[in-house]
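Trainee: I am new to this structure and would be grateful for a close look at one helix pair. Please explain how the two helices are placed against each other, and then set them in their surroundings.

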Amino acid sequence: MKRLTVNGKGVDIDADASTPLLWVLRDHLGLTGTKYSCGIGACGACTVHIAGKPVQSCVTELKAIDGPVTTIEGVSTDRVGKAVQEAWVKLDVVQCGYCQSGQIMAATALLSSPAALSDAEIDAAMRAALCRCGTYPRIRAAIKEAARALRSAQSGPLFNAPIDVGAAAASADSRRSGLPELPVCSPMQQV
Amino acid sequence: MHRITTAIDAGSFVNPLGAAAMVESGVIHGLGQALLWEITLRAGQVEQGNFDSYRLPRMDEAPAIDVELITSGAERTGMGEAAVPTVAPAVANALAALTGRRQRRLPLKAAPAEAV
């Protein structure tokens, strides 16, 4: 039996000490928002937070958990997590959705650290999270939107101001999509 | 791969933000097809068993993507995966222009062993 804190609640887990956190969450606690995908820590779909740091829960054993766990079900109680979710909705990031719990957890961990947010830092922090639908450009834009919203919230009145992309893109007559300039990134590594 | 510029005429767009997302993600998909996706056989068995050996594009490999939505007023068409098949030929042409050697197989290689 191991005592954990999951999304702010204390829970006792009766499972083998080597049980991956992913299955503790899904099978023992019914928190199925965290997804199983590769099972070897290679895709990021199962990302949750332990003490605010992103971990791949499929390769994190129960006995190794040394801090409070936050999952996609609990992330919106955090102001950064809420800002990330709102940016995801505003920019319509999600397509099939399977990887997106992990994407949101990775993005929330990134934006929770006080470091500056260069494209290279976004890429480094999000590189572990695969998206087969290819929503990366939208994820990158949404992370920047969430960062902007968080900065505005700190300085006051602009928090709920509409973003440019929705208004511009909503104009169906426009020949331009009105999408924000996307950053230029490192080249594909194999070419 | 630094930037890909696209244009699509689907007649008119009910949801421009979603339509542009279809193009952006189609480009990422197409880049995987052009540069990464590869299933190889060894002694009759597929060598790639998971995402550690089967490469998909990752965040740091997603280029800047320009999306131009053209509203011609023609009859509406679908948007699903429309961008995907345009990417590999465009990248192959760009590589041929850059290197002077034309590749005929996917995924494209940095140093083609059997360039034609």
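Mentor: A crossing of two helices is called right-handed if the near helix is turned clockwise from the far one by less than a right angle, and left-handed if the turn is anticlockwise. With that term in hand, we may turn to the pair itself, bearing in mind that the model is a predicted one.

The two partners both belong to chain A: helix H3, which covers residues 100–112, and helix H4, which covers residues 119–126. Two packed helices are described by the angle between their axes and the distance between the axes. For H3 and H4 of chain A, the angle is about 135° and the axes lie 9 Å apart. Angles over 145 degrees count as roughly antiparallel and those from 65 to 115 as roughly perpendicular; H3(A) is therefore oblique to H4(A). As to its hand, the crossing of H3(A) and H4(A) is right-handed.

Which residues make the contact between H3(A) and H4(A)? On the side of H3(A) they are A:Gln103, A:Ala106, A:Ala107 and A:Leu110. H4(A) contributes A:Glu121, A:Ile122, A:Ala125 and A:Met126. By character, six of the residues in this contact are nonpolar, one is polar and one is charged.

The wider setting of the pair is chain A, whose secondary structure consists of six helices and five strands. Followed along the sequence, the elements of chain A appear in the pattern β-β-α-β-β-β-α-α-α-α-α. The chain has 191 residues, of which 45% count as buried. Among the contacts in chain A with a separation of 6 or more, 55% join residues 24 or more positions apart. The exposed area of chain A is about 8900 Å², with 54% of that area supplied by carbon and sulfur atoms.

Chain B may be described in the same terms. Its secondary structure comprises two helices and four strands, and from the N terminus on these elements run β-α-β-β-β-α. The C-alpha trace of chain B spans about 55 × 35 × 25 Å along its principal axes. Of its 116 residues, 48% count as buried. In chain B, residues 24 or more positions apart provide 68% of the contacts with a separation of 6 or more. Chain B exposes about 6000 Å², and carbon and sulfur atoms account for 52% of this area.

To return to the part you asked about, H3(A) and H4(A) form an oblique pair with a right-handed crossing.

Note on methods: Residues numbered from 1 in each chain as written. Chains lettered and ligands numbered in written order. Predicted model: local features only at pLDDT ≥ 70, side-chain atom pairs only at ≥ 80, totals over all residues. Heavy atoms only, no water. Axes fitted to C-alpha atoms, helices over the stretch in contact; angles between N-to-C directions. Parallel < 35°, antiparallel > 145°, perpendicular 65-115°, else oblique. Contact = heavy atoms within 4.5 Å. Nonpolar A, V, L, I, M, F, W, Y, C, P; charged D, E, K, R; others polar. Buried < 20%, exposed > 50% of the residue type's maximum accessible area, 1.4 Å probe, protein only. Areas by Shrake-Rupley, 256 points an atom, 1.4 Å probe, with all protein chains shown as cover.
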